[in-house]
Structures are given as C-alpha cells and as structure tokens.
Amino acid sequence: MTLKKVNAIEVKNVTKVYRSSNTETRALRNANLTIYDNEFFTLLGPSGCGKTTLLRLIAGFEDITEGSINLFDQEIVNLPPNKRPVNTVFQQYSLFPHLDVYENVAFGLRRLKKDESLTKKRTMEVLELVQMKDYATRKPNQLSGGQQQRVALARALAPEPKVLLLDEPLSALDLKLRQAMRYELKTLQRETGITFVFVTHDQEEALTMSDRIAVINEGEIQQIGEPEQIYESPSNKFVANFIGEANLLSGFCKTNGENGLCELYTGHSINLFVPSHIKQNDKVTIFIRPERIKIVKSSKDKSQLSISEFTYLGNAATIQLKSNEQIINVNLPIEDLKVFKKGDYVDIEFPKGSAQVID
Amino acid sequence: MLAKNKKTKFRYVWNFPGFGGWTAIFFGFLYVPIFVLVCYSFNSSKFAMIWTGFSFRWYAKLFSNDDIQTATINSLIVAFAAAPLATIIATFSALALVRGGEFRFREFSNGLITLPLMVPEIVTAVATLIFFASLGINFGLINVIIAHTVFCIPFAFMPIKAALEAMDPNLELAARDLYSDKTSTFKTITLPLLTPGILSGFMLAFVISIDDFIITLMVAGGGSTTLPVYIYSMVKMGVSPEVNAVSSLMLGFSIFIVSLYWFFNRKINN
Ligand SMILES: Nc1ncnc2c1ncn2[C@@H]1O[C@H](COP(=O)(O)OP(=O)(O)O)[C@@H](O)[C@H]1O
Ligand SMILES: [Mg+2]
C-alpha cells in the first residue's frame with residue numbers, strides 16, 4: 001500500500017529581512033521546504049539561525065519579505081493570523097494571566113463561535129488529554145512550569161488546528177521533565193494526527209522525536225531529511241558538526257568514482273565514494289563518526305598514532321588520537337575499556353561505508 | 001574579626017553615623033506640620049494656634065460656606081472632566097508608541113509627551129494663559145478643564161506606558177493566533193490587562209488636577225475658582241481654622257486616591 005503524501009506546508013523561496021531605522025537583519029534566505037501531513041517535522045539550528053522567524057511567518061505574526069507559503073495548497077501569506085488554521089505553542093507559554101486554565105483553553109473555541117456545550121466538551125477533552133483536568137479553575141500563575149506547558153499545549157490543540165507550531169516548548173523545563181515531555185509530545189502527535197512543526201536547538205531532541213528534520217544555519221536551510229540520514233550522511237561540515245560528534249579529517253584524493261581512494265595526512269588510505277568533480281591530488285575533507293572508527297593495538301615502530309586523551313564515561317569512553325597535528329576522536333565500546341589506556345600506540349580502521357567525503 | 005566588622009560597617013545605609021537622626025528630622029519636617037494642621041482643624045478656638053478644646057465647628061462652618069462649596073464643586077468638575085480625558089488620550093498615545101511598531105518620530109513623540117513633566121509649571125501656566133488670551137478663548141471652567149487635561153496627560157501616560165511595556169507582546173499574538181481579530185483581541189486581552197495601568201494613570205491625573213494651583217490661578221477667571229486657589233486666597237487674609245479644616249479634608253481625599261493608585265500599581269507589578 002502506498003499512500004500519497006499530502007503537503008501540509010510548502011515554504012517557497014522565503015526570505016525575511018528585519019528592517020529597523022539603522023540595521024537590516026537577513027533572518028531567512030531563500031528557504032524552501034515541504035512539510036507533509038501527519039508529520040512530526042523539526043526545525044533545528046543554533047540560536048539566532050531563523051527558526052522562530054520561520055515559525056512566525058507560518059503563523060502570520062510577521063510580514064514576509066519575499067516568497068510564499070502554502071497551507072494545504074492554499075496560499076496563506078496574505079491572511080491575518082486569525083484566519084490561518086494553525087496554532088502556536090509559545091516558547092514562554094504566554095498564557096493569558098487574567099483567565100483561568102479553562103478559559104485559556106476555551107479561548108480559541110469561543111472566538112470561533114462554537115456553541116457552549118461543544119466548547120465545554122472539547123475543552124475538557126483536551127484538558128484530559130494533557131492531564132490538567134483537575135486544574136481547570138486555577139490561574140496560570142498558580143501553576144508550575146511543566147503545568148503551564150501542558151495548558152499552553154491544550155490551548156493550542158483545542159481548536160483542532162491543521163498544523164501545530166511549537167517554538168522550543170521544552171527549553172524552559174528541567175532535564176527530567178524535558179525528557180518525559182519528549183515522549184509525551186511524540187505520543188500526542190501520533191494520537192491526534194496533527195502535523196507538528198517543532199523548533200529546537202537541541203540536536204538530541206530533534207533526533208529522538210522527529211519524522212524529518214530541517215537543519216538551519218544563518219537563515220539558510222542546510223539539509224532536510226530523516227534523523228538517520230542527517231546523522232549518517234550530513235550534507236556539509238556544519239551539519240556534521242552540529243549533529244552529534246564528528247571527525248573531519250584532511251587528506252587528498254588518489255582516485256575518484258564509486259570505488260574511489262583517498263589518503264589521509266596520517267597516512268591511512270580509505271576506500272570510499274569520491275564525487276567526480278574531485279580530481280587526483282585535490283584536497284578533501286573526510287567525515288566519520290567517532291563510534292564508527294575501529295582501533296587495534298599497535299606498537300611504536302608500526303604506528304605514529306597514540307592515545308593522547310582518555311575520558312572514562314562509565315558505559316563507554318572517548319579517546320583522542322594525535323598524529324601529525326591531526327586529532328581523531330574515537331568512541332570506545334564498553335568491552336574495550338580495559339584493553340586501552342592513555343599513551344598506547346594504536347592503529348585505526350575505517351569499516352566500509354563509514355566514511356564520506358564532505359564539502 | 002575587626003576587618004570583617006569594618007567591611008560590613010557601611011554595607012547598609014542605616015549603618016552610617018547619624019542616619020537615624022537625619023531620617024527622623026527629615027520625616028519630622030515633612031509630616032509634623034501636616035499633623036499639627038489636622039489636629040488644629042479640630043480646635044474649638046477661633047485663633048488658629050491656641051488649643052482650647054475639641055470640636056467639629058470648623059467643619060460645620062465649611063459646609064455652610066457657599067464660596068468653599070462652589071470652589072470644591074469646581075475642583076471636582078474639573079478633575080472629573082480633565083482626568084478621564086487625559087487618561088483616554090494617554091492610553092491611545094501609549095498604545096501607539098509601544099505597540100505601533102516602528103514609525104518616524106517615535107522616540108521624539110515619546111519625549112514630547114513626557115517633556116511637560118520637566119518644564120517649570122509657571123512657564124506652562126503663563127504660556128497657557130497667553131495662548132487662551134490671544135485666541136480669545138474664554139469659556140470659564142472649560143478653559144480650566146482644557147488646561148488641566150493637557151498637563152495631566154504625561155502623568156496619566158507614564159503608568160499606562162509602563163503597564164503596556166511590562167505586558168508580554170506574545171499575549172496579543174496568542175489571541176490573534178487563536179482566531180481573535182484585532183478588535184476582540186483589544187477587548188479580551190489588551191484592555192483587561194491594561195486596566196490596572198489605566199486606573200493608576202487616572203488616579204494620578206486626578207490627584208494632580210485636584211491639587212493644581214499655579215496653572216489654575218493663571219487660567220481660571222472669576223467664578224471658576226478651584227479649591228486650592230480659594231484656600232490660597234483665604235490664607236492671604238490670615239490663617240483661619242477653616243483653612244485647616246478644608247486642607248485636612250483635601251488631605252484625606254488625596255490619601256484615599258493615592259491608596260487606590262498604589263493598589264492598582266501593585267496589581268500591575270505582579
Ligand atoms: N523583530 C526582530 N527585529 C529585528 N531582528 C530580529 C527580530 N526577530 C529576530 N531578529 C533577528 O533575526 C535572526 C533570527 O532570529 P530568530 O528567528 O529569533 O532565531 P532563532 O529562533 O533561530 O533563535 C536573529 O539574528 C535575530 O536577532
Ligand atoms: Mg527562537
């Protein structure tokens with residue numbers, strides 16, 4: 001069975017420039033992306049890269065400078081926020097302080113002029129969903145951060161939006177709660193079937209929760225893909241470094257093509273795919289994750305690689321190898337913890353498919 | 001031990017030598033005269049400064065003095081007309097300046113609104129007088145109301161602006177996001193959250209208007225005398241116990257209004 005994917009949101013050539021009297025900030029540059037219906041889609045990037053800006057453009061809080069945005073094939077850039085069937089969970093929750101929990105959650109339904117019994121039914125339903133039914137008569141300032149978070153979620157879910165926008169909703173919570181909420185949010189998304197557009201700067205959050213991720217840097221989309229794709233084959237150095245740990249090793253090309261060959265400055269040769277625009281003797285950067293590198297014992301006369309740092313982590317260890325000014329990070333699996341120690345001479349192997357030439 | 005003592009000695013301002021004494025003198029100068037004034041307003045003697053016994057006679061006399069009553073009514077009419085007008089204008093100015101986005105002369109407008117707070121009142125008074133005279137505007141009490149409205153605006157403006165600035169702009173966006181148009185966002189979110197600020201702006205404008213002397217003295221013609229101006233004319237003829245009584249009443253009234261102001265102010269800040 002193949003289901004045709006429905007486009008929930010299409011962002012087309014979107015540029016956003018903030019202008020004030022003396023400065024211009026290009027928050028987004030020619031961004032393109034498509035978010036499918038029922039998807040948990042994450043915008044991931046460092047602080048200030050333009051994630052919130054993109055979210056606010058979708059919600060309608062900012063005027064677009066260039067480009068267009070479609071919501072289920074309908075152009076929305078000219079609609080005011082109240083005419084867009086999307087709802088937002090704000091980073092600082094922004095609950096209405098003068099209304100109690102019930103009225104906060106019922107707010108959208110009331111504006112939509114739903115009748116009283118339906119409003120009540122739906123409000124209690126979402127409060128139940130986020131386990132805040134017992135707090136309906138409390139004011140927001142009588143709630144903990146985690147509870148406010150749930151109310152903010154309920155408030156945005158109550159009018160049954162087609163798309164839910166979440167701006168770093170977990171960043172204000174402490175670690176334990178944050179981890180619990182990750183799971184809850186993911187479950188909530190699956191159960192409601194609402195498209196989630198989730199903003200975070202936390203790569204772990206993005207990897208664990210998302211169906212697909214768009215990595216953004218300085219207003220430009222770097223890569224869009226499933227978590228495995230982004231982690232296993234980052235499209236450039238920024239993505240490689242931002243997601244997880246990465247070794248970016250310098251070397252030069254010996255032969256290109258499907259069965260190419262590169263030599264690192266450490267003297268090691270690697271068999272890997274080398275794109276055809278790279279010619280013999282061109283400089284290349286090779287990307288490999290620390291956990292993919294295999295190390296074996298060696299001796300001083302056979303290898304110039306030695307363990308210069310050994311960091312014990314309990315269930316694993318990270319080590320640093322140094323040679324010719326190059327540093328290689330390697331993760332040691334638990335069974336090798338006792339085998340190696342600082343100062344040992346070692347040799348490394350790159351399993352097939354673990355390394356990649358990167359721009 | 002000694003070093004530690006030395007270090008902590010001036011940590012709090014009340015650790016300075018003589019701090020307590022100076023404070024007492026300061027508060028004494030401020031409040032003893034007021035206290036004495038209130039006490040002597042209950043004096044039964046005709047001479048202001050000789051205590052002969054407790055009585056409400058001067059208060060009773062106040063209520064049979066037509067001039068004082070007219071002046072009081074004038075004061076109240078002016079304050080109840082000028083303070084709301086000033087508050088409304090101040091509210092819209094604050095909304096435009098804080099929520100109006102970037103526009104030309106924004107900083108300049110903000111300065112322009114608050115500047116009258118720093119202009120010596122006598123300058124404003126003379127200017128207003130000349131202004132009215134040269135345009136031939138002479139509508140009695142209405143002149144006073146116009147003048148009061150104008151100079152009360154900055155006082156009403158400041159607490160309203162502060163309340164608006166303290167308000168999370170995302171609240172209005174959240175309402176818009178939840179299918180609320182501009183009008184209903186203003187009615188359901190902005191206005192209720194701004195109410196304490198507006199009320200405290202109103203109180204401030206009201207007290208300032210009730211209390212004003214210099215501008216009123218210049219602008220008010222015969223028949224539109226307000227209470228402070230009338231009291232001044234009474235004092236010129238000698239301090240009578242009646243002045244004490246009327247001043248005490250004004251004091252009580254001001255304290256009441258200022259308490260309301262603090263009450264609303266506290267609501268903004270939490
Ligand atoms: N209202 C604004 N006016 C001017 N510059 C802004 C405004 N909002 C955001 N920016 C700038 O745009 C860039 C992107 O901001 P933002 O989208 O908030 O980033 P993120 O959410 O990824 O941290 C930043 O450089 C920020 O300073
Ligand atoms: Mg942000």
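In this predicted model, an oxygen atom of ligand 1 lies 2.6 Å from a polar backbone atom of Gly48(A). A second glycine takes part as well: a polar backbone atom of Gly50(A) is 3.0 Å from an oxygen atom of ligand 1. Thr52(A) contributes through its side chain, a polar atom of which is 2.5 Å from an oxygen atom of the ligand. These three residues belong to a run from Pro46(A) through Ser47(A), Gly48(A), Cys49(A), Gly50(A), Lys51(A) and Thr52(A) to Thr53(A), and the surroundings of ligand 1 also include Tyr18(A), Thr25(A) and Ala27(A).

The ligand site can be placed within the architecture of its chain. Chain A is divided into domain 1, which covers residues 7-241, and domain 2, which covers residues 247-358. The centres of the two domains, taken over C-alpha atoms, are 40 Å apart. Their contact draws ten residues from domain 1 of chain A and eight residues from domain 2 of chain A.

The boundary between the domains may also be described by area. Domain 1 and domain 2 of chain A bury about 740 Å² between them, and carbon and sulfur atoms account for 50% of that area. On the side of domain 1, Tyr231(A), Lys237(A) and Ala240(A) supply 58% of the area buried against domain 2, more than any other three residues.

Which side chains meet in a salt bridge? The partners are Arg292(A) and Glu232(A), with an N to O distance of 3.2 Å. The count between domain 1 and domain 2 of chain A is one salt bridge, and five residue pairs are in polar contact there, both members being at pLDDT 80 or more. Helix H7 (227-232) and helix H8 (237-242) of chain A each supply at least two residues of the side of domain 1 that touches domain 2. By class, that side of domain 1 has four nonpolar, four polar and two charged residues.

The next boundary is the one between chains. Here 24 residues of chain A are in contact with 17 residues of chain B. The area buried between chain A and chain B is about 1,900 Å², with 64% of it given by carbon and sulfur atoms. Asn82(A), His98(A) and Arg111(A) together supply 29% of the area that chain A buries against chain B, more than any other three residues.

How many salt bridges are counted between chain A and chain B? The count is zero. Polar contacts are nevertheless found across this interface, in six residue pairs with both residues at pLDDT 80 or more. The elements of chain A that give two or more residues to the side touching chain B are helix H1 (51-59), strand E6 (86-89) and helix H2 (101-111). In terms of class, this side of chain A has 14 nonpolar, six polar and four charged residues.

Notes
Residues numbered from 1 in each chain as written. Chains lettered and ligands numbered in written order. Predicted model: local features only at pLDDT ≥ 70, side-chain atom pairs only at ≥ 80, totals over all residues. Heavy atoms only, no water. Contact = heavy atoms within 4.5 Å. Buried area = accessible area lost by both parts, 1.4 Å probe. Salt bridge = Lys/Arg side-chain N within 4 Å of Asp/Glu carboxyl O. Polar contact = N/O pair within 3.5 Å; in protein donor to acceptor, adjacent residues only side chain to side chain. Helix = DSSP H or I, 4+ residues; strand = E, 2+ residues; numbered from the N terminus. Nonpolar A, V, L, I, M, F, W, Y, C, P; charged D, E, K, R; others polar. Domains from an automatic or database assignment. Near = heavy atom within 4 Å.
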